[in-house]
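Student: I am new to this structure and would like to know what stands behind the words used for it. Could we go through some of them together?

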Amino acid sequence: MKYRFAALALSTALAAVPFAASAETLIFATTNPEQHPLNSGFLVPWAERVEAAANGELDIDVRHGPMIANHMNFYDRVVDDVTQIGWGMTVFNPGKFPHTLVATLPFMVDSAEQGSVALCRMYEAGAFGSDFDGLKPLLFVEFPQASLSTNGGPLTKIEDIAGKKIITSTPAAAAIVSAYGGTPLSFNITEQYEALQRGAADGTMLNFTAFPAFRLNEVTTDHLVLPLGGAMGVVFMAQDKYDGLSDAAKAAIDANSGCDATRGFGAFIDGWEEGARGMVASSGDHTFTEASAEDVAALTEKMGPGIEAGFAQNVPDGANLIAMFKEELAKASQ
């Protein structure tokens, strides 16, 4: 009997002790190899800051590599609750994010920081329509402007691409290549090394952040630096998953999200681009030509109106998106 009373007393005592609530686990898929500069330089430290701010309310389980999510299915993985925080480039899912493709237009953006802030403010103003229905965007980023790189020169002016096969990733880029006598090609980023090495392509239109991870410095020699268009990246959650979090967890996420945090993301990308370009320059015999302001102005005058007209025709509310992007870029530069 005394054991019965002892057990009853123990259970009563335990019932009186408050149990710590278990942390909510959110799987964050970076889609990148673990050693990728974007992971170590920004995404992982960002997740650690959110986790620390949540004071035990959140456990962010960062997963690298393409097994759980990749650059093509990142959106589906979040919507299907396979992952709870996603990262991806909207250009890889244009059917879902058509309005955000304004970020790919050339001749407009001076820096990733400037472009990132402009895109975030456009989202807050409702410019992207239904693109983010059911989603909770946390961070936006404008990736650096693509430049021209070829495997074999000379490449000191855009006219030098005449007769060459150039890899492009957007309609605007393809239009520029065609207008100057080149042939636009489409190769996945993972296929570009082999294409350039074997001569299936003579060059690529790409920013320098992609060069170290894919060793493109080994298969390029000449670079013409021009503002040939970027792309939008976004860190996001499903809205219902975010809504179901505790107040403390939501506050931790909010404190590390939005346009101020986005500005920091863009600044990181600018530094990464500069470092990647330096790596390319130091890795062998490479020539770099910075297009002059006059050359950029002439290219913009020749190609800009047609590119903008095509975007306005093919993207809902495209003309207003372009006007708003230019306006927000100007504000972000001040």
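Tutor: Gladly! Let us start with a definition: a residue is buried under 20% relative accessible area, exposed over 50%, and partly exposed in between. Keep in mind that this is a predicted model.

Student: Why is Glu194 called partly exposed?

Tutor: Its relative accessibility is 41%. Partly exposed covers values between 20% and 50%, so Glu194 counts as partly exposed.

Student: And what makes Arg198 exposed?

Tutor: Arg198 has 66% relative accessibility. The cut-off for exposed is over 50%, so Arg198 counts as exposed.

Student: How do you know that Glu194 forms a salt bridge with Arg198?

Tutor: A salt bridge needs a side-chain nitrogen of Lys or Arg within 4 Å of a carboxyl oxygen of Asp or Glu. Here the closest N and O atoms are 3.0 Å apart, so the pair of Glu194 and Arg198 meets the rule. Both belong to helix H6 (residues 192-198), and being four residues apart they are separated by about one helical turn.

Student: How many salt bridges does the rule give in total?

Tutor: The count comes to ten. One of the pairs is Lys241 with Asp81, whose closest N and O atoms are 3.7 Å apart. Lys241 lies in helix H8 (residues 239-243), while Asp81 sits in the loop between helix H3 (74-79) and strand E3 (85-89), so this pair ties together parts that are 160 residues apart in sequence.

Student: Why are Lys241 and Asp81 given the label partly exposed?

Tutor: Lys241 has 23% relative accessibility and Asp81 has a relative accessible area of 42%. Values between 20% and 50% are partly exposed, so the label fits Lys241 and Asp81.

Student: What makes Lys331 and Glu327 a salt bridge?

Tutor: Their closest N and O atoms are 3.4 Å apart, and the limit is 4 Å, so the pair qualifies. In helix H12 (residues 318-332) these two are four residues apart, about one helical turn. Glu327, Glu328 and Lys331 are linked in a network of salt bridges.

Student: Why is Gly163 called exposed?

Tutor: Its relative accessible area is 65%. Exposed means over 50%, so Gly163 is exposed. You can find Gly163 in the loop between strand E5 (147-150) and strand E6 (165-167).

Student: Which residues is Gly163 in contact with, leaving aside neighbours within four places in sequence?

Tutor: Those are Gly181, Gly182 and Asp202. From C-alpha to C-alpha, Gly163 and Gly181 are 5.8 Å apart in space, and 18 residues apart in sequence.

Definitions and conventions
Residues numbered from 1 in each chain as written. Predicted model: local features only at pLDDT ≥ 70, side-chain atom pairs only at ≥ 80, totals over all residues. Heavy atoms only, no water. Buried < 20%, exposed > 50% of the residue type's maximum accessible area, 1.4 Å probe, protein only. Contact = heavy atoms within 4.5 Å.
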